[in-house]
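Reader: I've got this one open in the viewer and I'd like a close look at the metal site. Could you walk me through it, and then go on to what the rest of the fold is built from?

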Amino acid sequence: MDIHQRDDLRFPQSLPDFLRLFPDNEACVVYLLKLRWRGGFVCPYCASVGDPLRFSSRPSVLRCRKCRRNTGLTVGTVMQRSHTPLNVWFWAAYLVTSQTPGVSAVQLQRQLGISRYETAFQILHKLRAGMVRPDQDRIGGKANEHVEVDESYVGGRTRGKGRGVHGKVIVATAVEVRQRKPGTKLDKRKGGRYAGRVRLAVVPDRSGKSLRSFVEGSVMPGTKIVTDDWGGYDGLTKRGYDHIAVAERGDHQIAEEYMPIIHLVFANLKTWLMGTHHGVSHQHLQTYLNEFTFRFNRRFYPFNAFRSLLGIAGDVAAPTYAELYSGEWSHPSRFR
Ligand SMILES: [Zn+2]
């Protein structure tokens, strides 16, 4: 069953709502228990059913009443091995995903009343690791949607005046273009079109080789793709795409007419990079592009973003036997 249809795993709609749902560590334990074992705890070792024994000193440990073996509730999640209460993790993930530009370690420390800066920094670091892992699957592939592809220079921060080109990197971008239902409130803007998912990558140059390999890695074959008439996009038809090259010739009107969404994405990206990070260095740009992609692709789905940062998104099934044994908390020998 889809998690969004489970009333017992509701996602908070506001900060007060969040505090009601996850007031303390125990509320989060109960949430994780329900997420993993919908019909109640089942021991992964002996398969017996029934409430496990719990220990106040180790709130994430569940001990089977029958075989007496321990199961770690947070094994396989970002919270594994952490001494920070689960509700602090939940809160941090909520802040990181619900605030569009993100949150700094200092802000997190202050807002959550975390005594040590290092703790806040570690939490944020681990949560961000989930954001900067690139989305792997290719976009497009739907008959009623097309994908706009373009490349743009993005300014990086320049330090010193050594060798090499300073300040500019080429970022290739692909974005799904979706159509709003006629009669809805926003269907007049941009012809009712809006952005679906994006893919962004730093490319070495604007050559056909670079741009085609970006497209092949980012967009499903068979997709209708709209680009400008730059020669670098020649050959996409031969590679199985339904390619439409629009002659922009620097004409803003034509660009706005045929590729409105990708220019919006570039504008958002540049604003975000400048505003939040005051520009970023070249070697970190792809990491920031991945974070931008994570936030952009989940902007309508805060629940998914929240769960994937905590590492509780994937399957709702119990951890595997191997996972149980790799987690030091859950290793039975520790408690003998
Ligand atoms: Zn058991």
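Author: Four cysteine sulfurs hold the zinc ion: the SG atoms of C43, C46, C64 and C67 coordinate it at 2.3 Å. Keep in mind that this is a predicted model, so treat the geometry as that of a prediction. The angles among the 4 donor atoms run from 105 to 116 degrees, and the site is tetrahedral. Along the sequence, the donors follow the spacing C-x2-C-x17-C-x2-C.

How covered are C64 and C67? C64 has a relative accessible area of 3% and C67 one of 23%. The cut-off for buried is under 20%, so C64 counts as buried, while C67 is partly exposed.

Now for the helical side. The largest nonpolar core has 45 residues, and those touching the most other members are L32, M79, F90, L127, F306 and L310. Helix 2 (25-36), helix 3, helix 4, helix 5 and helix 10 (302-310) each put in at least two residues. Helix 3 is the top contributor, with 9 residues in this core. If you want one side chain to center your view on, try F90. Leaving aside residues up to four places away in sequence, F90 touches F18, F22, C28, Y31, L32, M79, F306 and L310. There is also a second, separate core of 24 residues, with I262, V265, L273 and L285 among them. As a general point, nonpolar side chains in soluble globular proteins tend to be buried together.

Helix 4 is worth a look of its own. In this helix, which spans residues 105-112, the buried residues are A105, L108, Q109 and L112. Looking down the axis of helix 4, you'd find them within an arc of 100 degrees, so they line one face of the helix. The cover over these residues includes helix 3 (86-98) and helix 5 (117-132). Just past the end of helix 4, G113 has a positive phi of about 60 degrees.

Then swing over to the strands, starting with strand 4 (residues 146-155). Strand 4 has 8 of its 10 residues buried, so it is mostly covered. With strand 5 (residues 168-179), strand 4 pairs in the antiparallel sense over 10 bridges, and H146 sits opposite V177 of strand 5. Strand 4 also pairs with strand 7, this time in the parallel sense and over 3 bridges. To find that pairing on screen, look for V147 opposite I225 in strand 7, or for E148 with its bridge partner V226, also in strand 7.

Strand 7 (residues 224-228) has 4 of its 5 residues buried, so the rest of the structure largely encloses it. Besides its pairing with strand 4, strand 7 runs parallel to strand 8 (residues 242-246), and 5 bridges join the two. One place to see this is D228, whose bridge partner in strand 8 is V246. So, following the pairings, you can step from strand 5 to strand 4, from strand 4 to strand 7, and from strand 7 to strand 8.

Terms used
Residues are numbered from 1 along each chain as its sequence is written. This is a predicted model: local features need pLDDT of at least 70, side-chain atom pairs count only at pLDDT 80 or more; totals for chains, interfaces and linings use all residues. Side-chain values use heavy atoms; hydrogens and water are left out. Buried means under 20% relative accessible area, exposed over 50%, partly exposed in between (1.4 Å probe, protein chains only). The arc is that of the directions from the helix axis to the C-beta atoms. Contact means heavy atoms within 4.5 Å. Donors are N, O and S atoms within 2.8 Å of the metal (3.2 Å for Na, K and Ca); water is not among the atoms, so sites may look incomplete. Four donors count as tetrahedral if all angles lie between 85 and 135 degrees; four count as square planar and six as octahedral if opposite donors are over 155 degrees apart and all others between 65 and 115; anything else is irregular. A nonpolar core is a set of buried Ala, Val, Leu, Ile, Met, Phe, Trp, Tyr and Cys residues joined through side-chain atoms within 4.5 Å. Two strands pair if DSSP finds at least two bridges between them.
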